[in-house]
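Me: Could you take a close look at one helix near the start of this chain and tell me what it packs against? After that, please carry on to whatever else you can describe around it and further along.

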Amino acid sequence: MLVVMDKHATPADVEQVLAAVRHMGLTPHPMPGATRTAIGITGNISAVDPRTLEVLPGVLELIRVTKPFKLASREMHEADTFVRIPLPQEWKRGEEVTIGPGTFTLIAGPCSVENEDVVHRTAEWLMDRGVRLLRAGAFKPRTSPYAFQGLGLDGLEILARARERTGIGIVTELMDTDNADAVEEAADVIQIGTRNMQNFSLLRRVSRAGKPVLLKRGMSATLEEWLMAAEYVMAGGNYNVILCERGVRTFSDHSRNTLDLSVIPPVKRLSHLPILVDPSHGTGKRDYVPAMSLAALAAGADGLLVEVHPDPDHALSDGAQSLNFPGFEKLLESLKRLAEPLGKRIN
Ligand code: PEP
Ligand code: MN
């Protein structure tokens, strides 16, 4: 349910609606807009008589939200969401990376935090080229228990030092609630991986985090299941969710996953949340990454999460799908050329 307030409604009117919603045992989510405030309501709405809210002062109308995902839907929140990520060093100057339409944000870096040198070199190199968000996993979800599992808490410290030295923002994965405090502290954006898209206790934990969440699509998730996962994060009060398409499982075996770029238009139609594309996990092969990156930009994505490594052939994980520095530089040039006619700015 969405309560739309009249443009002349006073803050006291809004407050009265919030209190009435809470009194019904439901959760209000105020969404101030340019001209009027709307209040999303979540909880067991069916038990509610809408007339009790309709008659309150300042209430213009009540709109029933038909989709199962509410806060993530365009029905409830018509305008596009822009997720703002304050940058570490520039924090005092109020500079931030804003993810959303009109821009195309690049998040790049190695699959894993391997050591200080790889992370630091990559962070510096990216910052020199205007890429202000570094991806790298300290906790790695690996198919084999014998594969490199990431450096864990030591990896987070390496990321914290790179952040401190270069001013780059950190995007890193949280795999379990045990490490939530540490990852929340180290990260500027908390990544939830494909295998955890429906780990509901983890989603509830990050719904209370003070940092944006990058929510990867489960490898067999429908669009509705994915948006319901976003709903978990938003229902707990964290509205800063960035979706990330990373490929799904199909019969097709020419690539690691099938990158579902066709999900972008329906995401944009049904939801106001920004969507990034991960062409690295989406294809599994570095040769395919540039074409899929350009296609993602053309298809309306808001940016990329892409694996880049100074020496991919010796990477400890996902080297085959990682670009080297010259490869990424070339991609960056092509993206800039394509972004211009599309009216987007590379971020
Ligand atoms: C990753 O980004 O390194 C990763 C493990 O991704 P996914 O969860 O999409 O497999
Ligand atoms: Mn990876």
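Reply:

**Helix α1 and what surrounds it**

Helix α1 covers residues 11-23, so to speak a run of 13 residues, and its first and last C-alpha atoms lie 18 Å apart, close to the 18 Å expected at 1.5 Å a residue. That expected span is 1.5 Å times one less than the number of residues. Helices here are DSSP runs of H or I with at least four residues, strands are runs of E with at least two, and both are numbered from the N terminus.

A word on the ground rules: this is a predicted model, so local features need pLDDT of at least 70 and side-chain atom pairs count only at pLDDT 80 or more, while totals for chains, interfaces and linings use all residues. Residues are numbered from 1 along each chain as its sequence is written, chains are lettered from A and ligands numbered from 1 in the order in which they are written, and side-chain values use heavy atoms, with hydrogens and water left out.

Back to α1. Its buried residues are Asp13, Val14, Val17, Leu18 and Val21. They cover an arc of only 140° around the axis, which puts them on the same side of α1; the arc is that of the directions from the helix axis to the C-beta atoms. Pro11, Ala12 and His23 are exposed on the other side. For the cut-offs, buried is under 20% relative accessible area, exposed is over 50%, and partly exposed is in between (1.4 Å probe, protein chains only). Just after the helix, Gly25 takes a positive phi of about 80°.

So what does that buried side pack against? The buried residues of α1 pack against β1, β2, β3 (37-42), α2 (51-54) and β4, where contact means heavy atoms within 4.5 Å. Those four strands belong together: they form an open sheet in the order β2-β3-β1-β4, with antiparallel pairing. The edges are β2 (27-32) and β4 (59-63), each pairing on one side only. Ignoring direction, neighbouring strands of this sheet are turned by 20° against each other on average; the axes are lines fitted to C-alpha atoms (for helices over the stretch in contact), and angles run from 0 to 180 degrees between N-to-C directions. Two strands pair if DSSP finds at least two bridges between them. Strand β1 (residues 2-5) runs antiparallel to β4, and four bridges join them. Val4, for one, has Glu61 as its bridge partner in β4.

Pro30 is a handy spot to look at from the β2 side, since that is its strand. It is partly exposed, at 40% relative accessibility. Leaving out residues up to four places away in sequence, Pro30 touches Leu18, Ala38 and Ile39. Its C-alpha atom is separated by 9.8 Å from that of Val17, 13 residues apart along the chain.

Further along, helix α4 invites the same kind of look. Its 14 residues (153-166) should span 20 Å at 1.5 Å a residue, and its end C-alpha atoms are 20 Å apart, which agrees. Gly155, Leu156, Ile158, Leu159, Ala162 and Thr166 are its buried residues. Seen down the axis they fall within an arc of 155°, so they line one face of the helix. Asp154 and Glu164 are exposed on the face turned away from that buried side. The cover over the buried residues of α4 includes α3 (116-128), β8 (133-135), β9 (169-173) and α5 (180-186). Gly167, just after α4, has a positive phi of about 85°.

Finally, the metal. The manganese ion (ligand 2) has as protein donors Cys111 (SG), His281 (NE2), Glu307 (OE) and Asp318 (OD), lying 2.1 to 2.3 Å from it. Donors are N, O and S atoms within 2.8 Å of the metal (3.2 Å for Na, K and Ca); water is not among the atoms, so sites may look incomplete. Their spacing in sequence is C-x169-H-x25-E-x10-D. Cys111, in the loop between β7 (103-109) and α3, and His281, in helix α9 (residues 279-283), are 170 residues apart, a pair that links distant parts of the chain. Cys111 is buried, with a relative accessible area of 3%, and His281 is buried too, at 8%. Asp318 sits in the loop between β14 (303-307) and α11 (325-339) and counts as buried at 18% relative accessibility. Asp318 also has a positive phi of about 55° although it is not a glycine. Most residues other than glycine have a negative phi.
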